Amino acid sequence: MLVQATEMLNKAVAGKYAVGQFNINNLEWTKSILQTAQENNSPVILGVSEGAGKYMTGFKTVSAMVSAMTEEMGITVPVALHLDHGTYDGSYKCIDAGFSSIMFDGSHYPIEENIEKTKELVKVCHSKGISIEAEVGAIGGEEDGVIGGGEVADPDECKMIADLGVDFLAAGIGNIHGKYPENWQGLNFDVLAQIKSKIGDLPLVLHGGTGIPADMIKKAISLGVAKINVNTECQLYFQEATRKYIEEGKDLIGKGFDPRKLLAPGCEAIKTIVKEKMELFGSIGKA
Ligand code: 13P
């Protein structure tokens with residue numbers, strides 16, 4: 001059964017660890033992440049971008065697949081199915097499709113419009129028992145064609161959005177989606193501490209989890225980050241393992257062309273990196 005993410009994240013704030021959001025693209029991704037969460041007794045959030053939702057033929061397909069998979073696999077750890085960087089329309093589609101959590105990303109709107117739309121969606125989500133994440137200050141890098149400039153959120157605006165009753169808040173603190181450039185300045189912990197002082201125990205979300213050094217991750221968690229999103233790193237691990245399988249000619253041996261064999265090393269690689277992240281975030285054994 002899918003659960004909303006509020007309870008798991010409130011527990012994470014109290015316990016000073018973070019729960020990973022790992023983005024899914026297909027059945028293999030979903031299965032690998034769920035297996036890792038169960039094996040490590042960790043809560044987990046499955047993130048679905050609008051692009052990935054479209055790729056999987058729609059949010060209803062995703063919701064049906066994830067619900068059925070948790071049941072068939074006998075998953076007992078808390079699993080939330082979460083829309084990642086949702087548009088206004090996409091948020092409603094996921095609410096209807098049975099997602100247990102959504103992120104409405106109104107960070108590209110003027111703050112008044114972000115507030116208005118977030119407020120409306122908070123009401124709708126809470127009437128249906130769905131958790132909601134909002135965003136202030138775009139996250140840099142590119143995701144599904146949305147480009148941000150490594151922005152840093154205004155702590156007063158964070159407070160305004162937090163006061164709307166959102167369950168957790170994503171705030172840009174110099175983080176970027178995708179690989180970090182050589183000259184990246186690192187996370188802005190001064191701003192993170194200011195945001196934390198204004199919003200209290202509301203769980204903070206750190207996007208762009210790929211490639212952030214372990215010491216920065218730990219410091220961010222100590223300052224109230226309770227959800228960390230990882231996407232690109234799973235893709236890179238999958239790619240590397242799949243490339244190796246083919247370069248070693250294993251697809252040419254026996255039934256090595258069988259997709260269940262061809263995709264197996266990539267799936268194992270996803271499990272490896274997801275477990276590594278769960279260890280770093282401190283969520284192992286916290287289900
Ligand atoms: P990365 O792709 O950089 O890991 O970021 C993922 C993310 O923040 C999804 O919202």
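Okay, one definition before anything else: when I say a residue is near the ligand, I mean its C-beta atom, placed from the backbone, lies within 6 Å of it. And keep in mind that this is a predicted model.

So, the ligand. With that cut-off, 15 residues surround the ligand, and the closest are His207, Thr210, Asn229, Asn231 and Thr232. Where does the shell come from? Strand S3, residues 79–86, strand S10, residues 225–230, and helix H10, residues 232–247, each supply at least two residues of it. As for character, the shell has 12 polar residues, 2 charged and 1 nonpolar.

Now over to the helices, starting with H2 and H4. H2 covers residues 27–39 and H4 covers 59–72. Their axes come within 11 Å and cross at roughly 40°, so we call these two oblique to each other. The crossing of H2 and H4 is right-handed. On the H2 side you've got Leu27, Thr30, Lys31 and Leu34, and they meet Met65, Val66, Met69 and Thr70 in H4. By class, that contact has 5 nonpolar, 2 polar and 1 charged residues.

H4 has another partner here, helix H5, residues 88–97. The axes of H4 and H5 come within 9 Å, and the crossing angle is roughly 40°. That makes H4 and H5 oblique too, and their crossing is right-handed. Who makes the contact? From H4 it's Phe59, Lys60 and Ser63, and from H5 it's Lys93, Cys94 and Ala97. Split by class, the residues there are 3 nonpolar, 1 polar and 2 charged.

That's my bit, thanks.

Methods: Residues are numbered from 1 along each chain as its sequence is written. This is a predicted model: local features need pLDDT of at least 70, side-chain atom pairs count only at pLDDT 80 or more; totals for chains, interfaces and linings use all residues. Helices (H or I, at least four residues) and strands (E, at least two) are DSSP runs, numbered from the N terminus. Ala, Val, Leu, Ile, Met, Phe, Trp, Tyr, Cys and Pro count as nonpolar, Asp, Glu, Lys and Arg as charged, and the others, Gly among them, as polar. Axes are lines fitted to C-alpha atoms, for helices over the stretch in contact, and angles run from 0 to 180 degrees between N-to-C directions. Angles under 35 degrees count as roughly parallel, over 145 as roughly antiparallel, 65 to 115 as roughly perpendicular and the rest as oblique. A crossing is left-handed if the near helix is turned anticlockwise from the far one by less than a right angle, and right-handed if clockwise. Two residues are in contact if their C-beta atoms, placed from the backbone, lie within 7 Å.
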